[in-house]
Amino acid sequence: MPSARILVVDDDRFFREVLSLQLRNLGHEVHCAEDGQRALAELEPGRFDVVVSDLLMPKLDGLALTGEIRKRLPDQEVILVTQQSQVATAVAALRAGASDFLVKPVEESELAERLNRSLERVALKRERARLLAENLELSRDQVLFQRSLGMLSTLDLERLQETSLSELCAVCDAQSGALWLSDEQGELHLRSYRGLVERSRLEPRISIADGLFAEPLKSGAAFPAPGGRLNKGFYLPLRAAGEVVGLVLLSDRLSGDFTARELALARALGDFAATALRNARRYSALERLGLRDRETAAYNLAYFADYAAKEAYKARRYGRVFSLLALRLDGLERLRDQLGPARAAQLARGVASSLAAVVRDSDVVARAAEDELYVLLPETDHLGAQIVGRRVQAMVDAEGLLESAGAPAVGLSLGSATFPRDGQDFDELLHVCRRRSEEARLSLARKLDLRRLDFWSAVDLLLGDTNSPPLPADDSAGPSRRGLLPGALFHQLQFELALEVARDPKARGLLYVGCQEIRSDLPVIEALSGVPADTGMHIYLLGRRGEAIPAGLATPVYLDGDERIARTEFVLLYSERAAYALFQRRQKDGPPWGFHTSDEAVVDELVSKLQQRYELQPL
């Protein structure tokens, strides 16, 4: 018989010592309690194999003790010891939950036999519990294995990002999570989040090489959030083949704190997730190579449309923005007809190469036709897309591609559209892109070739005078007018445009006001008094130094030695929602002579040239 831990409970010291001696003779470890209450105080799960208790005791008798033990430890073995006259009561105790009973005086042989039966039951219960635990652990391992196989069999990187985070949250009972993936520049970018986390509290980019996360990422072990505790929420680096593939944040466990078991499960599944994400990223790169146009290395339209649909899904889910940019080579067909297909293909390749030099690694360029290219710009708003368009045009101009094209005139028209501002799906956005590209082609900026002029030369050309020919404008690209203006229009516009900023202070944009003197009584300063300081609009006042203005949203740019600013007043508004420009020259007699337009291409050109002329910071 194996040695066991026995608790003997009897209020009679003599019988307690006799029974203890018999049990020790049988090789068992014995502990004693003189009544039921003290016995209950001694009991803990797994501490005693068997409780041997007298039936009749003060305070808490054996029957009541058995009932309490059953409530606390349902599997505890209890043997009751009774007098011969109490056998009926002992049978009732068996029905109440006792394992067996003995009759005083207790024979050592009978004690050994009854104890052996109890210990056999204890061994069977423990074996059953062990097998159940093993089965449960095997079941958990199988579930973990199935989850891991599911991730490893997924090569769609976008879907795998969501799946990996979902599975990691599931195995840890985490209600909240976030996933960052690495790029080629050594940065982690936020790709997915779920649950109770606030998007504004998550870092959009995390450096792998330096910063707060650099050292923990090298170790590969889970680490707590700064100032937090590991059992409340933790970061888990995802590493594969010695490379940091990503980083996961898991927090808000469904019940209680995270334990070592949850950390181990997250680590095990995280290793599979890292390998799966690394494989999917490589597959995506290979897939892209197979979907590129041979001549320009841009993607084909089918891949681009599929990628744009996924980007729209992510943007809707996470409240992000992205933009499409359409570039069209106007006159390429005539060039091909006159100089041959090889010359046209060479020009298309040159423009595609210039575009590739401007866009980011995360941007996707596609060739829709020989004379048309599309660019998808993730997490880029309308103004950001316009800036990319400017850079592309500047690169093409710097390379001299269009000028060297040959006899037929070839121009570059650009149009952009932003989700969700301009549409909810790829087709809608593409329609807006093409419309704006056509507007750019018909724009006054194209007709007058404003690109070749500096800021003040462009202003002089647009303003003209009473003897100038009519503007070759097309209102489909935004109306443009020149002529005599109401005398108070300039001041009214300052006030109205400042109020427009106040109506939507979060909208990004630029407002330039050029005036003879920068003073505190300018209408724009008065109207900006109620606008919050964190507005997305950048406001500049350009002019000679006048009366000191109070500190506020408007940034003064003093141009004391510039005579042009003294003769010409202007407002330029370029934002996510509107584009407008007004220039005027005051005359000695009569109303001012001016030019104003809502042609976005013209306003964009003028803003760009103004920034270059006075070295102003673009958005």
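Visitor: How far apart are Lys218 and Glu215 in helix H7?
Guide: Lys218 and Glu215 are three residues apart in helix H7, which covers residues 214–219, and therefore about one helical turn separates them. Helices (H or I, at least four residues) and strands (E, at least two) are DSSP runs, numbered from the N terminus.

Visitor: Is this a predicted model, and what was counted? Which pLDDT is needed for local features?
Guide: The model is predicted, so local features need pLDDT of at least 70 and side-chain atom pairs count only at pLDDT 80 or more, while totals for chains, interfaces and linings use all residues. Residues are numbered from 1 along each chain as its sequence is written, and side-chain values use heavy atoms, with hydrogens and water left out.

Visitor: Okay, back to that pair. What do Lys218 and Glu215 form?
Guide: Lys218 and Glu215 form a salt bridge, in which the closest N and O atoms are 3.4 Å apart. A salt bridge here is a side-chain nitrogen of Lys or Arg within 4 Å of a carboxyl oxygen of Asp or Glu. In general, side chains of opposite charge can pair when their charged atoms come close.

Visitor: Buried or exposed, that Lys218?
Guide: Lys218 counts as exposed because its relative accessibility is 52%, and Glu215 is exposed with a relative accessible area of 54%. The cut-offs are under 20% relative accessible area for buried, over 50% for exposed and partly exposed in between, with a 1.4 Å probe and protein chains only.

Visitor: How many salt bridges are there in the whole structure?
Guide: A search of the whole structure finds 50 salt bridges. One of them joins Arg253 to Asp173, with the closest N and O atoms 3.7 Å apart. This pair links distant parts of the chain, 80 residues apart, since Arg253 lies in strand E11 (residues 243–253) and Asp173 sits in the loop between helix H6 (157–172) and strand E6 (174–182).

Visitor: And how accessible are Arg253 and Asp173?
Guide: Arg253 is buried, with a relative accessible area of 18%, whereas Asp173 counts as partly exposed at 33% relative accessibility.

Visitor: What about Asp604, which residue is its salt-bridge partner?
Guide: Asp604 forms a salt bridge with Arg390, and the closest N and O atoms are 2.8 Å apart. Here too distant parts of the chain are linked, with Asp604 in helix H19 (residues 600–614) and Arg390 in helix H12 (residues 382–399), 214 residues apart. Both Asp604 and Arg390 are buried. Elsewhere, salt bridges that share partners join Asp100, Glu110, Glu113, Arg114 and Arg117 into one network.

Visitor: Changing topic to sheets: in what order do the five strands of the open parallel sheet come?
Guide: The order is E2-E1-E3-E4-E5, and the pairing is parallel. Two strands count as paired if DSSP finds at least two bridges between them. Strand E2 (29–33) and strand E5 (100–103) stand at the edges with a single partner strand each, so one side of each has no neighbour in the sheet. From one strand to the next the twist averages 20 degrees.

Visitor: How many bridges join E1 to E2?
Guide: Five bridges join strand E1 (residues 5–9) to E2, and Val9 stands opposite Ala33 in E2.

Visitor: Which strands does helix H1 lie across?
Guide: Helix H1 (residues 13–25) lies across E1, E2, strand E3 (50–54) and strand E4 (77–82), running at about 165 degrees to E2. Helix H3 (residues 62–72) lies across E1, E3 and E4, at about 175 degrees to E4. Contact means heavy atoms within 4.5 Å, while axes are lines fitted to C-alpha atoms, for helices over the stretch in contact, and angles run from 0 to 180 degrees between N-to-C directions.

Visitor: And the open sheet of four strands, parallel or antiparallel?
Guide: The pairing in that sheet is antiparallel, with its strands in the order E13-E14-E12-E15. Strand E13 (364–369) and strand E15 (411–419) stand at the edges, each with a single partner strand, so one side of each is left without a neighbour in the sheet. Strand E12 (residues 322–330) and E15 pair over nine bridges, and Asp330 has Gly411 in E15 as its bridge partner.

Visitor: Which helix packs on this sheet, touching E12, E14 and E15?
Guide: H12 does, and its direction makes about 160 degrees with that of E15. Helix H9 (residues 301–318) lies across E12, E13, strand E14 (372–378) and E15, running at about 25 degrees to E14.
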